[in-house]
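Work through the exercises below with the structure open beside you. Try each task before reading its solution.

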Amino acid sequence: MNHRIARRMRRPLAVALLVALVAPGAAFAQTAREKALESRVAELERQVQALLSAQQQQQGQIAQTQAQVGEVRSAQAAAPAPLPADKQPIQLTSITPKATPGTTFSFGGFIKADFMATRTGDGQLADDAVGRNLYLPGQTPVGGSSSGTDYNAHAKFSRINFALDSVSEGGNKAGAMVELDFFGNSLGNQTATNTYGATLRHAYMYWNNWLAGQTWSNFMDATILPEAADFVGPTDGTLFVRQAQIRYTNGGFSVALENPETTLIGGTSSDRGSVPDLTARYGWKGDWGSFGIGALARQLKVDNRATGANASKFGGGLTLGGKWVAGDADTFVYQISGGEGIARYVGLGITQDAAHDAVDDRLDTTGVLAGFVGWRHQFTPKLRTGLIYARSDYDNDTALTGLAVTKSVQSIRGNVFYTPVPKVDIGAELMYGKREIESGEKGDITRLQFTTKYSF
């Protein structure tokens, strides 16, 4: 019995001993597996985090790209309409920083050099006569002996201009233009420097249909002046005035209030007008050319407290002219003007608006009839020729004016121009002009002129 009890006691003891021996190994094996699993789980978590991070970065890039696309589209929507090819900005940063945003700036003009040989048949032009630089019909000598050939060369009629143009978001148009040439007073002499002052030609601003400043008179049509080597060309019969004005334009119609000035035969100009010169014009344009009608109404006035003169009179006139395009090679231009007291507007002041009757203290207006016709033929895109005739006649009261005033002037000229490359013109012109005064005496002028011009 003691043996049985001993055996029963030994069995639990053996089991306990076996458990004590096996348990640490099992625990060790279980710990190794857990660590391996934990390491695997950690690696998977790292991979998941990496994938999530890459996905978030990709989504951020997509969102950034979408935002940039949105900004570009917004900028495109807010950007103004594309400018025409001839109004494209020349640089990204404005050269007119104080101007309205979107303003376009332009700079232009030309360099012109003239070379002239002049001979007068009945007198001699003075050394400093303006008529030695361009044709002035009123300066053609009368009643003297013929002159020799006088040669003159200059670049005074070169010019530069600056212009600004803008269009607001509401569609309002505004701008300004200034143009200068160098036909001002002499600042030097022909001995060494030949310097001349800059001369204001145009200086005006515009807003929609309105214009204010100095430019061509609304009474004239500068677009129909024929091409000539001379500064004007058909000077004898054309209207030619630049002056300050306020102008309204609507389609082909325009009306303006312009600076008044009265010129007197045998006297000085009178700047005593109390009302501006009133001009009106209507024009038509098409593939066939252009045609226009103009009218002028003005007050002539003299008010000289020193002499006691105080008189005024109404003056006015009409003009019509245009351009006819006859096929691809030929173009005709023409103009005819007439009126009383409008002489200041004709031919750079060939004669004056009126004569003052000191006895009766009244003004006697000068009657005017003037016109020109021109023809141009294009032989090739580079070679062309022209023929121009111009004339004006004046009705004077010789009892007031005397017999030395101009009765009529006329000229004819032929020219040829060659354009070797775009913007470069080389020309030659032969002109013959004649002036007659009220006494019946006549004088003539002949001029051969060469010119070169580079436009920009």
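**Exercise 1. A pair within one helix**

Task: find the salt bridge that Arg 46 forms, and state where its two members lie.

Solution. The structure is a predicted model, which applies to every value below.
Step 1. The partner of Arg 46 is Glu 43, and the closest N and O atoms are 2.5 Å apart. A salt bridge requires such a pair within 4 Å.
Step 2. Both residues belong to helix H1 (residues 2–78), where they are three residues apart, about one turn of the helix.
Step 3. Arg 46 has a relative accessible area of 48% and is partly exposed. Glu 43, at 27% relative accessibility, is also partly exposed.

**Exercise 2. A pair across the sequence**

Task: determine which parts of the chain are tied together by the salt bridge between Glu 227 and Arg 384.

Solution.
Step 1. The side chains of Glu 227 and Arg 384 meet at 2.9 Å, N to O.
Step 2. Glu 227 is in the loop between strand E6 (210–216) and strand E7 (242–250), while Arg 384 is in strand E17 (residues 383–395), so the salt bridge ties together parts that are 157 residues apart in sequence.
Step 3. Glu 227 is partly exposed, with a relative accessible area of 30%. Arg 384, at 7% relative accessibility, is buried, because the limit for that word is under 20%.
Step 4. The two residues also belong to a network of salt bridges that links Glu 227, Arg 376, Arg 384 and Asp 425.
The search of the whole structure finds 17 salt bridges.

**Exercise 3. A buried arginine without a salt bridge**

Task: explain why Arg 281 has no salt bridge, and list what its side chain reaches.

Solution.
Step 1. Arg 281 lies in strand E10 (residues 277–286) and is buried.
Step 2. The nearest side chain of opposite charge belongs to Asp 221, 4.4 Å away. A salt bridge needs the atoms within 4 Å, so this pair does not count.
Step 3. The side chain of Arg 281 does reach backbone oxygens: that of Asn 218 at 3.1 Å, and that of Phe 219, which lies 2.8 Å from a polar atom of the side chain.
Step 4. Leaving aside neighbours within four places in sequence, the contacts of Arg 281 include Met 220, Gly 252, Phe 253, Ile 293 and Thr 319.

**Exercise 4. A sheet with two edges**

Task: give the strand order of the open sheet that contains E9, and identify its edge strands.

Solution.
Step 1. The sheet has three strands in the order E9-E14-E15, with mixed pairing.
Step 2. Strand E9 (264–265) and strand E15 (362–365) each have a single partner strand, so one side of each is left without a neighbour in the sheet.
Step 3. E9 and strand E14 (residues 354–357) run parallel and are joined by two bridges. Ile 265 is opposite Ala 355 in E14.

**Exercise 5. Nonpolar cores**

Task: name the residues that touch the most other members of the largest nonpolar core.

Solution.
Step 1. This core has 21 residues, and those with the most touching members are Phe 231, Leu 239, Phe 240, Tyr 345, Val 346 and Val 368.
Step 2. Beyond four places in sequence, the residues touched by Val 368 include Ser 337, Ile 342, Val 346 and Tyr 394.
Step 3. A second, separate core has seven residues, among them Leu 264, Val 302, Ala 311 and Ala 354.
In soluble globular proteins, nonpolar side chains tend to be buried together.

Notes:
Residues numbered from 1 in each chain as written. Predicted model: local features only at pLDDT ≥ 70, side-chain atom pairs only at ≥ 80, totals over all residues. Heavy atoms only, no water. Pairing = 2+ DSSP bridges. Helix = DSSP H or I, 4+ residues; strand = E, 2+ residues; numbered from the N terminus. Core = buried A, V, L, I, M, F, W, Y, C linked by side-chain atoms within 4.5 Å. Buried < 20%, exposed > 50% of the residue type's maximum accessible area, 1.4 Å probe, protein only. Contact = heavy atoms within 4.5 Å. Lys, Arg positive; Asp, Glu negative; His and termini not counted. Polar contact = N/O pair within 3.5 Å; in protein donor to acceptor, adjacent residues only side chain to side chain.
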